[in-house]
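Take a look at the model below. The questions that follow ask what earns each label.

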Amino acid sequence: MSAISNLKPEAIWRNFDALTQIPRPSGHMEKVQQFLLDFARQAGVEAFVDPAGNVVMRKPATPGYENRKTVLLQAHMDMVPQKSPESTHNFETDPIETYVEDGWVHAKGTTLGSDDGIGVAAIMGIMEAKDLKHGPVEGLITRDEETGMYGANELPEGELNGDILINLDSETWGKFVIGSAGGLDVTATLGYQEVDNDQETAVKVTLKGLRGGHSGLEINEGRANANKEMVRLVRKAIATLGARLASWEGGNMRNAIPFKAEVVLALPQASVEGLKKLVEAQRQAIEDEYKTIESGVEFFCEPAEKPATLLPAEIQDNLVDAIYACHNGVVRMIPVYPDVVETSSNLAIINIGGGQAAIKILARSSREDMKEVVATQLESCFSMAGMKVEFSGSYGGWDPNPDSEILKMLQKIYREQTGQEALVQVDHAGLECSIILDKYPHLDVVSLGPTLRSPHTTSERFEIATAEPFWRLLTQALEEVPEK
């Protein structure tokens, strides 16, 4: 047990601490599914893994509360596996190492997994508690939310009994979310026949040390995208130094702003010094352009083994031009909520080499028509480069209901407990609520949570002081749920 297991409220921190010991990167859910089933058995509540790989738990009402509406508490079991360049952490086998600093819980060199491990821990705390008063409670802990919301998308209809859905995947205490953006994965691919390398030498160019971040919550903060910054360098090197592209690797998660990119360029020996100067000039440009936003940027060259083959020049040029032209960042804000992003795109992942090119972008919008517009814009961009473009993983936006009964109840409890008014907001981050609502349209839905910052990055951290009031509000809400 680590130091965080002694924090308060014990019900959340003890369970979150236990969860950090279970490997649960997206795509590897077996261990955490079994962990949750074992927990439920020990807690004496019903639990099963459904056909979609979600874990469902059910706890009966406490005596005298049987006529209350059923509350469905929902979180996701997977975490984004990001680590620092020097970390040797294996997300499929190693526990997360946590530490406390200045009132926040952090992880050593990796993502923390508080997104959405804190939501899971809260559900566990409710399920095992013997001293709470509540009506019937269900827990839905979904699989692989971070990579495509697969658990929610494959959720069987007719499986759940809830009347009220409280999603526990929001990241600012004191904010109740009543709407969120939809999203769509745009994937562009191209196979090509490599050509022999007739250049004299090769250099690997690495850009790292950018902040990265959540492509929904932090897309409007002006952070640098490693793929977009790298393409500026690559295009210039091709145009002015006779460089040729051999390979490109940038980004590793569809919903994370890429903080690192690497390319291997083949070029004449006489051009190597010129490339070093270009790289240094681009590094300085990034520092200047992103002043107060990015710090600790590393952009450098090192010798590389000379590759035997390269991209054909025409395909290279078309790909580089398409990457350069690809929209990245905010498209526009919501007119009636001018501080909230409506539509955006994130140039998330680039893999080029070995005769294959693959580029993945996550497009988001709270409007279906604008989601289609930005997706078509991206399709047009990469189609002109001769790439095959496919759409997948589409999910709709969650339309806000400001007259929600559960929202008004939560606002009342928050006001009583804190003496302040809660913020009610629509988020640009994608939540599973919209997908669950498509299958269970009768649900009354609100999303809430304690405060965490920089999810999807190694700077992810959880504010300890917000755990106690979050737990207090959640447990009182369960006690005050209205009758059916």
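Q: Why is Glu-342 called buried?
A: Glu-342 has a relative accessible area of 2%. Buried means under 20%, so Glu-342 qualifies. All of this is read from a predicted model.

Q: What makes Arg-332 and Glu-342 a salt bridge?
A: Their closest N and O atoms are 2.8 Å apart. The cut-off is 4 Å, so the pair counts. Arg-332 sits in strand β18 (residues 329-334). Glu-342 sits in strand β19 (residues 337-353), and the two are ten residues apart.

Q: Why is Arg-332 called partly exposed?
A: Its relative accessible area is 34%. Partly exposed runs between 20% and 50%, so Arg-332 falls in that class.

Q: How do you know that Lys-204 and Glu-302 form a salt bridge?
A: The closest N and O atoms of Lys-204 and Glu-302 are 3.8 Å apart. That is within 4 Å, so the pair is accepted.

Q: What makes this pair a tie between parts apart in sequence?
A: Lys-204 belongs to strand β11 (residues 201-208) and Glu-302 to strand β16 (residues 298-303). The parts are 98 residues apart in sequence, so the pair ties them together.

Q: Which exposure class do Lys-204 and Glu-302 fall in?
A: Lys-204 has 26% relative accessible area and is partly exposed. Glu-302, at 31%, counts as partly exposed.

Q: Why is Lys-291 called exposed, and Asp-288 partly exposed?
A: Lys-291 has a relative accessible area of 53%. Exposed means over 50%, so Lys-291 earns the label. Asp-288 has 49%, so the label for Asp-288 is partly exposed. The two side chains meet in a salt bridge, 3.2 Å from N to O.

Q: How many salt bridges does a search of the whole structure find, and which residues are joined into one network?
A: The search finds 28. Glu-10, Arg-14 and Glu-128 are joined into one network by salt bridges that share partners.

Q: Why is Lys-59 said to have no salt bridge?
A: The nearest side chain of opposite charge, Asp-131, is 7.1 Å away. A salt bridge needs 4 Å or less, so Asp-131 does not qualify. Lys-59 is nevertheless buried. Lys-59 lies in strand β2 (residues 55-59).

Q: What makes the approach of Lys-59 to His-134 a polar contact?
A: The two side chains come to 3.4 Å. The limit is 3.5 Å, so the contact counts. A polar atom of the Lys-59 side chain also lies 2.7 Å from the backbone oxygen of Ile-126. Other residues that Lys-59 touches include Val-45, Met-127 and Pro-136.

Q: What makes a set of residues a nonpolar core, and how many residues has the largest one?
A: Its members are buried nonpolar residues joined through side-chain atoms within 4.5 Å. The largest has 66 residues. Trp-13, Leu-36 and Phe-470 are among those with the most contacts inside it. Helix α3 (residues 114-128) gives the largest share, eight residues. Another core, of 55 residues, lies apart from it, with Leu-184 and Ile-350 among its members.

Q: Which residues does Phe-470 touch?
A: Among them are Ile-12, Ile-118, Ala-122, Leu-168 and Trp-173. Residues up to four places away in sequence are not counted.

Conventions: Residues are numbered from 1 along each chain as its sequence is written. This is a predicted model: local features need pLDDT of at least 70, side-chain atom pairs count only at pLDDT 80 or more; totals for chains, interfaces and linings use all residues. Side-chain values use heavy atoms; hydrogens and water are left out. Buried means under 20% relative accessible area, exposed over 50%, partly exposed in between (1.4 Å probe, protein chains only). Helices (H or I, at least four residues) and strands (E, at least two) are DSSP runs, numbered from the N terminus. Contact means heavy atoms within 4.5 Å. Lys and Arg count as positive and Asp and Glu as negative; His and the chain ends are not counted. A polar contact is a pair of N or O atoms within 3.5 Å; within protein, one must be able to donate a hydrogen and the other to accept it, and residues adjacent in sequence count only if both atoms are side-chain atoms.
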